[in-house]
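Grab a pencil and work through these short exercises on charged side chains. Try each task yourself before you read its solution.

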Amino acid sequence: MNSFGQKLKFSTFGESHGVAIGCLLDGVPAGLCIDETYIQNELDRRKPGKTEFETARKEEDKVEILSGVFEGKSTGTPIAMVIYNTNQKSKDYSNIKDVFRPGHADFTYFYKYGIRDYRGGGRSSARETAARVAAGAIAKLMLKELNIEVLSGICEVDGIKSEQLDYEAAKKSVIYALDAGKEQEQKDAIIRAKNDHDSVGGVSRVLVKGAPKGLGQPLYYKLDAILADAMMGINAVKAVEIGDGVLSASVKGSQNNDAIRTNGFVTNHSGGILGGISNGEDIVMNVYFKPTPSIFKEQKTVTTKNEEVDFSLKGRHDPCVAIRGTIVCEAMAALVIADMLLLNMGSYMEGVLKYYK
């Protein structure tokens, strides 16, 4: 499946070493101001090759809007966007043509389809997520009209946890660190792994501010379930927590419940979601990325003919995929919230009457 969403739907296409990647976004209301500079800035945040903490593959990731926009505004028809690949080095992958890379989707794609694009993982490559960021940028433009903001940052790298969460500081950090006091330690861990031809994992913390009460479609399209679905669909994500997450299993109900007063909730252990529906508090998630599987140590694996081999990988890869991954988390969260806003418009008659009267 290559599509996501109900009212606001998007599909992506393309491969890591193909001609281009892109997306088709359907359901954007007509009349939305489409700020192409903003969309490009969002892609630049995810763009590879900016610092030593990312892959050396340098892609400009220049987005081109093909349809659905006229005189700077959405027309209500599908918005198609394309990003051309300009810096592929497919020869770097010639030695793994018939080899399954440990930790990658090579093995499962081959046994599902009987064929695989070995050049950087093809469709399973995280390169595809640039198209999600482009779609997410338009969703963010929709949310801005309602004063809803989606923020994120890195709260953990290689087990080094942030002690404070400063989203403004994350905007200025090359690794999007939420804790300036821990940033250098986290950077050092990434560089050590990189110099050792290895990689490290990390955790993105996502914050949605200003979301109204009532978003979510119980029982089978709950807001937290779809957010988790969106995050788990991002390459290398292995776990998602809403609110206190796993900590909720180790406390008493009296500690976990969020007391309610006339001015709102006293605490936010729920992460802004109760019964699958937003409660008006900040929506908070932790998204856990595994270490980048593309490492340059010798590894043991098998070939497509099930022959045991030792091999060493070539290519250009992120030593910590969570860094650029946090931008993708923002994009997916924005797409989910925008979709839920559109779904919610017909939840009760008053909303229907407001629109048609």
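A salt bridge is a side-chain nitrogen of Lys or Arg within 4 Å of a carboxyl oxygen of Asp or Glu. One thing to keep in mind is that this is a predicted model, where local features need pLDDT of at least 70 and side-chain atom pairs count only at pLDDT 80 or more, while totals for chains, interfaces and linings use all residues. Residues are numbered from 1 along each chain as its sequence is written, and side-chain values use heavy atoms, with hydrogens and water left out.

**Exercise 1.** Find the salt bridge partner of glutamate 54, and say whether each residue is buried or exposed.

Step 1: Glutamate 54 pairs with lysine 50, and their closest N and O atoms are 3.2 Å apart.
Step 2: Buried means under 20% relative accessible area, exposed over 50%, and partly exposed in between (1.4 Å probe, protein chains only).
Step 3: Glutamate 54 has 3% relative accessibility, so it counts as buried.
Step 4: Lysine 50 comes out at 36%, so it is partly exposed.

**Exercise 2.** Locate the salt bridge between arginine 45 and glutamate 42.

Step 1: Their closest N and O atoms are 3.2 Å apart.
Step 2: Helices (H or I, at least four residues) and strands (E, at least two) are DSSP runs, numbered from the N terminus.
Step 3: Both residues sit in helix H1 (residues 36–46), three residues apart, which is about one turn of the helix.
Step 4: Glutamate 42 is buried at 8%, whereas arginine 45 is partly exposed at 23%.

**Exercise 3.** How many salt bridges does the structure hold?

Solution: The count is 21.
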